[in-house]
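Morning, everyone. I have one structure to walk through, and I'll keep it short. Have a look at it first.

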Amino acid sequence: LALVDRGNVVRARVSVGGDGRVTGFRTEDRWYADPRSGELVPTPWSTPVAAWQPDDGRLLPTSAQATWLRPQGDHTYAEVGYAPGDLVFNVPPREA
């Protein structure tokens with residue numbers, strides 16, 4: 001997959017399971033700011049999607065992570081999840 005915006009190109013690999021659901025997203029086009037040195041280091045980044053569940057007629061991911069794949073060890077900095085019914089769809093702007 002490639003996304004182009006104003007001359008900038010970001011490439012990623014999207015993994016899809018046999019049932020057609022996205023199971024992961026990985027890119028080599030991200031930079032990690034090392035907290036010790038402040039140096040920006042090109043570092044692979046992934047978002048494994050662990051679970052999907054129907055909600056209000058839509059199939060939505062209910063468990064995912066955002067992880068830096070660093071040489072010294074992976075660093076998961078976000079874990080995302082929600083329970084069915086937590087999301088509201090088609091809300092007019094003034095009610096949001």
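Start with Asp-56 and Arg-58. These two form a salt bridge, with the closest N and O atoms 3.7 Å apart. Keep in mind that this is a predicted model. The cut-off for a salt bridge is 4 Å, nitrogen to carboxyl oxygen, so 3.7 Å counts.

How exposed are the two partners? Asp-56 is exposed, at 58% relative accessibility. Arg-58 is partly exposed, at 32%.

Why pair at all? Side chains of opposite charge can pair when their charged atoms come close.

How many salt bridges does the whole structure hold? The search finds three. You have heard one of them, Asp-56 with Arg-58.

Next, Glu-28 and Arg-26. Their closest N and O atoms are 3.0 Å apart, and they form a salt bridge. Glu-28 is partly exposed, with 46% relative accessibility. Arg-26 is partly exposed too, at 38%.

Then Arg-21 and Asp-19. Their side chains meet in a salt bridge, N to O, at 3.5 Å. Arg-21 is partly exposed, with a relative accessible area of 31%. Asp-19 is exposed, with 54%. The line for exposed is over 50%, so Asp-19 passes it.

Now the charges as a whole. The protein carries 10 positive and 12 negative charges. Where do their mean positions lie? They are 5 Å apart.

On to the fold. What is the protein built from? It has nine strands and zero helices. Read along the sequence, the pattern is β-β-β-β-β-β-β-β-β. The radius of gyration is 17 Å, and the globule rule gives 12 Å for 96 residues, so the protein is more spread out than a compact globule. For the outer dimensions, the C-alpha atoms fill a box of roughly 45 × 35 × 30 Å along the principal axes.

What about burial? Of the 96 residues, 22% are buried. The cut-off there is under 20% relative accessible area. The accessible surface comes to about 7,200 Å². Carbon and sulfur atoms account for 52% of that surface.

Last, contacts along the chain. Take the contacts with a separation of 6 or more. Residues 24 or more positions apart make up 24% of them.

To recap: nine strands, zero helices. Three salt bridges in the whole structure. And a chain more spread out than a compact globule. That's my piece. Over to you.

Methods: Residues numbered from 1 in each chain as written. Predicted model: local features only at pLDDT ≥ 70, side-chain atom pairs only at ≥ 80, totals over all residues. Heavy atoms only, no water. Helix = DSSP H or I, 4+ residues; strand = E, 2+ residues; numbered from the N terminus. Rg over C-alpha atoms; globule rule 2.2 N^0.38 Å. Buried < 20%, exposed > 50% of the residue type's maximum accessible area, 1.4 Å probe, protein only. Contact = heavy atoms within 4.5 Å. Areas by Shrake-Rupley, 256 points an atom, 1.4 Å probe, with all protein chains shown as cover. Lys, Arg positive; Asp, Glu negative; His and termini not counted. Charge placed at Lys NZ, Arg CZ, Asp CG, Glu CD.
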